[in-house]
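Student: Could you take me through one part of this model closely, namely the salt bridges and what surrounds them? I would like one connected account.

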Amino acid sequence: NNFTVAIEGGAGIEYDVKQEVYRAAPRCIALTLAIIFVLLGSFFRSLVVPLRSIICLVLTQGFSFGLFCLTYQDEIFSWTRMASAIGMSNASHELSWLAPVLAFSVIVGLSTDYDIFLVDRVLENSVAGKEHVDSIVGGFCDSASTISVAGGIMAISLGGLMFGSSSPALQEWAFLLCCAVLFDITVGRAIRVVLLRYTGQYSWWPRKLPLPEDQPDTCSEEEVDGGAADGDEDVDAPTLSMRPGKGFV
């Protein structure tokens, strides 16, 4: 009573493609994270920076994919009026297999960009010799407007695609990206700041940064002018004397 079931036509092709994509997905994810680790480690000359970035990236991916399943599979928002607007009216609770695959790479790019914006500002302040906490606060404030505006624009654009599209796959893809962007520019950014704070002097390991006390003392222009003025009082004014036959000397 052994039977072999074969699927032909368009359904068979789609099934084969889906199985092949899911078979290659773990290798693609591992390769992507490895390349990010190498690139960030080379750019910042640190092992802690790429490790921290990957941790935040995994948290962002986990949140967006978890909320995606809760929304479209478990339908926790089915009581709201926007259920049908974002494609939750699927009676079979089936998720698009293509949406998560396409969303992963885009989320990686967006999350890494926001991470670099913040960490690079913090590094600039640390290289300038500021205290670690002051560097974090300064970097957070300097990059806040850039990250918030960029993330807000992305969220609005993706929200328009999510509510305006009639394709379930596009709606789910836009939902994944929108959730990831909103999480990353709010909770994800706060997590990065906390990790930067508690890794302390090892935040850039093994890279060595100048300590605040190693920076040369600099005087303000007013102090220099004032010192010059004070010094003029101690310098004897030149005197003129007259010698017969030789004039003033």
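**The salt-bridge network**

Tutor: In this predicted model, Asp115, Asp184 and Arg192 are linked in a network of salt bridges. Arg192 pairs with Asp115, their closest N and O atoms lying 2.6 Å apart; because Arg192 lies in helix H5 and Asp115 in helix H3, this pair ties together parts that are 77 residues apart in sequence. Arg192 also forms a salt bridge with Asp184, where the closest N and O atoms are 3.2 Å apart. Asp184 has a relative accessible area of 1% and is therefore buried, the cut-off being under 20%, and Arg192, at 3% relative accessibility, counts as buried too, as does Asp115. Asp184 is also the residue on which a kink of about 45° in helix H5 (residues 168–199) is centred, and H5 is followed by Gly200, whose phi is positive, near 55°.

The salt bridges come to four in total, and one of them offers a contrast in setting: the side chains of Arg23 and Glu20 meet at 2.6 Å, N to O, with both residues in helix H1, three residues apart, or about one turn of the helix. Arg23 is partly exposed, with a relative accessible area of 49%, and Glu20 is partly exposed as well, at 44%.

Helices H3 and H5 are also among the elements that give two or more residues to the largest nonpolar core, which has 36 residues, with Phe44, Tyr114, Val122, Phe175 and Trp204 touching the most other members. H3 gives the largest share of this core, 11 residues.

Terms used: Residues numbered from 1 in each chain as written. Predicted model: local features only at pLDDT ≥ 70, side-chain atom pairs only at ≥ 80, totals over all residues. Heavy atoms only, no water. Bend = angle between axes of the 7 residues up to and from the residue. Helix = DSSP H or I, 4+ residues; strand = E, 2+ residues; numbered from the N terminus. Core = buried A, V, L, I, M, F, W, Y, C linked by side-chain atoms within 4.5 Å. Buried < 20%, exposed > 50% of the residue type's maximum accessible area, 1.4 Å probe, protein only.
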